[in-house]
Each structure stands twice: as C-alpha cells, then as structure tokens.
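Morning, everyone. Let me put the model on the screen, and then we'll walk through it.

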There are 2 protein chains.
Amino acid sequence: MKYPNGIKKDKKRETCFSNRGMKLESELNDTNKYYLDLNIACIHKKPTPIKVVDVYYKSCKEAVITKAYFEKQSTLDYNGIYKGKYIDFEAKETKNSNYFPLKNIHTHQIKHMEKVIQMNGITFLIIRFSSLNLTFYLDGSKLLSFIEKNDRKSIPVSYFKEHGIQILDKLRPTIDYIKVIDDLYFKGGIYENK
Amino acid sequence: MKYPNGIKKDKKRETCFSNRGMKLESELNDTNKYYLDLNIACIHKKPTPIKVVDVYYKSCKEAVITKAYFEKQSTLDYNGIYKGKYIDFEAKETKNSNYFPLKNIHTHQIKHMEKVIQMNGITFLIIRFSSLNLTFYLDGSKLLSFIEKNDRKSIPVSYFKEHGIQILDKLRPTIDYIKVIDDLYFKGGIYENK
C-alpha cells in the first residue's frame, strides 16, 4: 500500500508519525494551489532536506539513493511572494488543547524569523489545535515578543486568542491566510490591489 | 572520502556529474552567507527534492531512507528576501563558450518566473560560461523576451553581453548579484537603504 509521496506505510511508521499534521499540510497545499491558479500569490512548500549518504548509479541518468537521512529544515517550511512582498511561514498541528509546545519550533528557525522581520518581510506561524478545531495565524512579531517576555516552553491557547487571528475553515481556499496578511499588512479589502 | 553533503564520491559519479557547477554553487553559498552575516539579504538554496520510497525505522526517532530518487525542482533553486522584496533565481554553469543551452531551464521553471514577475518579485538567472570565465546576471524579463522572440534552443553569449549584466569576480562577496539588483530595482547606491 502506498502513502503520500509513495512512502510505504507500515504499522511502526503510523505509530511514530500519527501526529505529524498531514491534514494541515494537505489543506495548505490546496490553499497554495488555489492562490497560484488565481494569480493571487505564489507560495510553495520547500522540499524536506535529506542528507544523502550512498547513491547507486545504474547509469548516468538513473541514480538510486540507497542510504539517506531526514534533516531539519534550517529555515521555515513555506515561502513565496504576495504583492511583491516576501512571505515565509511555518505550519504546525498539535493535539494538545491547552498550549502549543515551543519545542516544535527550533532556535535557528526563530533566528530566521528575526532576520525576515528585520528585512521587512512577512513571517508567521499557522498553528492548528486539532482537538479544539481551532486554527490561528500568529504573526512573527507576536511570537518573538512572547519568547522575549516569557520563560515558559509553550504558548497557551489564550495567547493565540488574544494576539493571533483565528482562520475560519472555508471551502476554497481552505486556510485563507492571505486574507489575514491583507488585513494586517496591506490595510485594504481582500486581494484589492491584485 | 566524503564529498559535499556527505555523498561518497566514486569514479562513475564524477564522470556523470562533473559538469554540475559545484564551484558556482559553492561561491553562491559563500555569497549568501556574506549577505546573511551582514544583514544585507536572506537568500537560501532550496533543498534538492527527493522522492522517498522506502524508509526503515530503527526506532521512532531514527529513520533511515533505504530507497529514494532525485527529483527536479519545480521552482528555482534559490529564493529569499532583499529590502522586503521577494528574490527568486536559478544558477547554471556551462562549459560551452558560444551559447547557453535552454534545456537546462525547464518549462515549469519558466512558468514560475512568469508568475514571480507578474507578482512584482525579482527573478533572474546567474549563468557562468566557465571556459570564458564570464558570469552574467540575466533578468527574468530578458529571458522571457528572448524565448518569446526566438525559436532557438540556446541563448548566445552575445545576448548576455547585450542584455545581461556581467558580474565581476570579487573577494567577498564572490558573486555580488545584490549590487546588480540594487542598480536595476532600487536605483540607488549599493545597500544604501539598509
């Protein structure tokens, strides 16, 4: 049996990665395809970084990787362009109904967000609390301010409710984060300057 | 013996991929690191897309990929941000001393460049003619205009000389393409608005 990306599904994998947020990823892919098809924005998920160790060359044109390891993304998962502006974000899902554990965002990713803000780009998190059926946009500036002011290793749902913006489920696009960006950064009606 | 990214170097591989432009890639990595360290721009190379077929899980935290294939990048290799603007480009090296073969740029990559231009981003090629020791910046608009007006499957060096901008080798940053972007898009001295 084949799983997304052709990865063979086995019991062990299911147990290990059941919490990975494939549904959120799939909904964001649909959303990004919608934005692309309608010439609204051009946002892509970056490929997963993989450290290749061994390659077998059947021929010059046919290389089979026989040993490799998954690596951590040094930047964020998604980036692209909207109205000329640089967009860069990370999406995470948690089953926890009280808080979002910060261990899901690595230090180098937070540093990367700082750089993007410094260079006048737009960076944010999309966090889904799956057990609450709530999805939030949390602007990079609000994430950094939380980290600066708090010692705790998780962000409570209340912080998202107060400082984030809830993204309501829609039919298409499913997760309309560009609407949030428009309201926050372009101060206009949705897609008005398109 | 280990090769960049830890790939074991073997004779066959060397024969197959000697023309891949590792030197240009390494110089661009140095250049991007320079821009990042000095807070000038934040540009990263995207990971190579790899289609994972088989994974062996030693444990939940230790996954070894045992079968996978290299895939083509659906966008361009490098993207990021400069002065809030979205930057997206591809770098290629050719040993040919008369022209750059267009088969090195795929149709979906050209479509992607069209999208980026349409959305007011900055997209371009960096082409090195290694036998001539010449490196050019060719703006996306000039590439698209060449393709529209010509049936030929390669771009002659003369077109780069006329419509591109030569990037002279420097010590640091080695390939100072941000200077070109500054002149073309920000009409100011180098890094002046930083």
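Start with helix 2 of chain B. The buried residues of this helix pack against strand 1 (42-45), strand 5 (85-94) and helix 6 (177-186) of chain B. Keep in mind that this is a predicted model.

Which residues of helix 2 of chain B are buried? They are B:Leu28, B:Thr31, B:Asn32 and B:Tyr35. These four cover an arc of only 100 degrees around the axis, so they sit on the same side of helix 2 of chain B. The general rule helps here. An α-helix has 3.6 residues a turn, so residues three or four places apart point the same way.

Now flip to the other face. Turned away from the buried side of helix 2 of chain B are the exposed residues B:Lys23, B:Ser26 and B:Asp37.

A quick geometry check. Helix 2 of chain B has 16 residues, 22-37. At 1.5 Å a residue, it should span 22 Å. The end C-alpha atoms are 22 Å apart, which agrees. Just past the end of helix 2 of chain B, look at B:Asn39. Its phi is positive, about 55 degrees.

Next, a hairpin. Strand 2 and strand 3 of chain B form one, with five residues between them. The two strands run antiparallel and are joined by seven bridges. For one position to click on, take B:Val52, which stands opposite B:Ala68 in strand 3 of chain B.

Follow the chain past strand 3. The loop between strand 3 and strand 4 of chain B holds B:Ser74. Is B:Ser74 partly exposed or buried? B:Ser74 has 14 C-beta neighbours inside 10 Å, so it counts as partly exposed; a buried residue would need 20 or more. B:Ser74 and B:Ile122 are 48 residues apart in sequence, and their C-alpha atoms are 18 Å apart in space.

On to the interface. How many residues does each chain bring to the contact? Chain B gives 43 residues, and chain A gives 43 residues. On the chain B side, the elements giving two or more residues are helix 1 (11-17), strand 1, strand 2 (50-57), strand 3 (63-70), strand 4 (78-82), strand 5 and helix 3 (107-118). Strand 3 of chain B makes the largest share of that side, eight residues. By class, the chain B side has 21 nonpolar, twelve polar and ten charged residues.

Strand 3 also pairs across the contact. Strand 3 of chain A, residues 62-70, and strand 3 of chain B pair in the antiparallel sense, over two bridges. Zoom in on A:Ala68. Its bridge partner in strand 3 of chain B is B:Ile65.

So how do the copies relate? A turn of 180 degrees and a shift of 0.0 Å along the axis lay chain B on chain A, with an RMSD of 0.0 Å. The two copies are therefore related as by a two-fold rotation axis. Of the interface residues of chain B, 100% are also interface residues in chain A, so the copies meet through the same surface.

Last, some totals for chain A. Its secondary structure comes to six helices and ten strands. Chain A has 194 residues, and 31% of them are buried. Take contacts in chain A between residues at least 6 apart in sequence: 60% join residues at least 24 apart.

That's the tour. Over to you.

Conventions. Residues numbered from 1 in each chain as written. Chains lettered and ligands numbered in written order. Predicted model: local features only at pLDDT ≥ 70, side-chain atom pairs only at ≥ 80, totals over all residues. Expected span 1.5 Å × (residues − 1). Buried ≥ 20, exposed ≤ 12 C-beta atoms within 10 Å, placed from the backbone. Arc of directions from axis to C-beta. Contact = placed C-beta atoms within 7 Å. Nonpolar A, V, L, I, M, F, W, Y, C, P; charged D, E, K, R; others polar. Pairing = 2+ DSSP bridges. Least-squares fit on C-alpha atoms with pLDDT ≥ 70 in both.
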